[in-house]
Amino acid sequence: MLWHNPRSAWHDLRPELSELPYDSGAETDRLVEAWREGRTGYPLVDAGMRQLLEEGWMHNRVRMITASFLTKDLHVWWPVGAQHFLDHLIDGDIASNNHGWQWVAGTGTDASPYFRVFNPVTQGRKFDPDGDYVRRWVPELRHLAGAAAHEPWKHDNGYDDDYPERIVDHDDERKETLARYERARG
Ligand SMILES: Cc1cc2nc3c(=O)[nH]c(=O)nc-3n(C[C@H](O)[C@H](O)[C@H](O)COP(=O)(O)OP(=O)(O)OC[C@H]3O[C@@H](n4cnc5c(N)ncnc54)[C@H](O)[C@@H]3O)c2cc1C
């Protein structure tokens, strides 16, 4: 795909979403920095982003979830995330990475539909049911047993070890993403 469409390395392959607005500016930079550092307040996202910084690797499932969070919860254009992944991944590959990002963002080959927004909590409960992956990479949540590690906000002692509060409300941002998508489709 990249051979036949070299521009798709850093630009949307498919034009359908070219009208989709993305966020930028100081506040967005602050949110993107929290994402890069694994301090979004969403345990599975933070576990994946911290694994990337520490090991230079992240499981495919979590790559999809963290990429969805940046593009659809923070409304940031996918190349911003693709560059961060390439800066850290030991298996960093421009074709697999940038088209992996376009798959998540809905702008690439047989991409997941744009309106598919990964829910970091339900994904966590499904693929890390005991919370072991989260506790491995997010020490501030090690005092929460089992699946409680996925929802510290539901527990009185959830923030006892200074885990950050959620930087956005996932349900609100999902609705915002779907509204932008509808407007962009005109
Ligand atoms: C946002 C995002 C970014 C990604 N960035 C990269 C990247 O920079 N480099 C990279 O090699 N893969 C990338 N992938 C694909 C996939 O996540 C990795 O190939 C896989 O996680 C690597 O782990 P593994 O070697 O244990 O894979 P295994 O599950 O053991 O698979 C074996 C090999 O198959 C290939 N492979 C597996 N899944 C995919 C896939 N979805 N797309 C393409 N090839 C695949 C890889 O070469 C992998 O080494 C990305 C996926 C997403 C969603």
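Which residues line the largest cavity? Keep that in mind while you set up the view, and remember that this is a predicted model.

**Stop one: the cavity**

Select Tyr42, Pro43, Leu44, Pro120, Val121, His150 and Trp153: together they line the largest cavity. Now colour α2 (43–55) and α6 (120–127), the elements that each give two or more residues to that lining. With the side chains switched on, try colouring the lining by class: six residues are nonpolar, one is polar and none is charged. The space inside comes to about 30 Å³. Don't go hunting for others above that mark, as a search of the whole structure turns up one cavity of 30 Å³ or more.

**Stop two: the pocket**

Next, head over to the largest pocket, which has a volume of about 210 Å³. Its lining takes in 14 residues, and the ones to pick for centring your view are Asn60, Arg63, Ser96, Asn97 and Gly100, the closest to the pocket's centre.

Which helices should you show here, given that each supplies at least two residues of the lining? Select α3 (60–73) and α5 (94–105). Then put the emphasis on α5, since with six residues this helix gives the most to the lining of the largest pocket.

**Last look: colour by class**

How do the residues lining the largest pocket divide by class? Seven are nonpolar, four are polar and three are charged. Flip back to the cavity for a side-by-side view: its lining has no charged residues.

Key:
Residues numbered from 1 in each chain as written. Predicted model: local features only at pLDDT ≥ 70, side-chain atom pairs only at ≥ 80, totals over all residues. Heavy atoms only, no water. 1 Å grid on protein atoms, 1.4 Å probe; cavity = no way out; pocket = protein on both sides within 12 Å on 5 of 7 lines; lining within 4 Å. Points joined across faces, edges and corners; volume = space filled by probe spheres on them. Helix = DSSP H or I, 4+ residues; strand = E, 2+ residues; numbered from the N terminus. Nonpolar A, V, L, I, M, F, W, Y, C, P; charged D, E, K, R; others polar.
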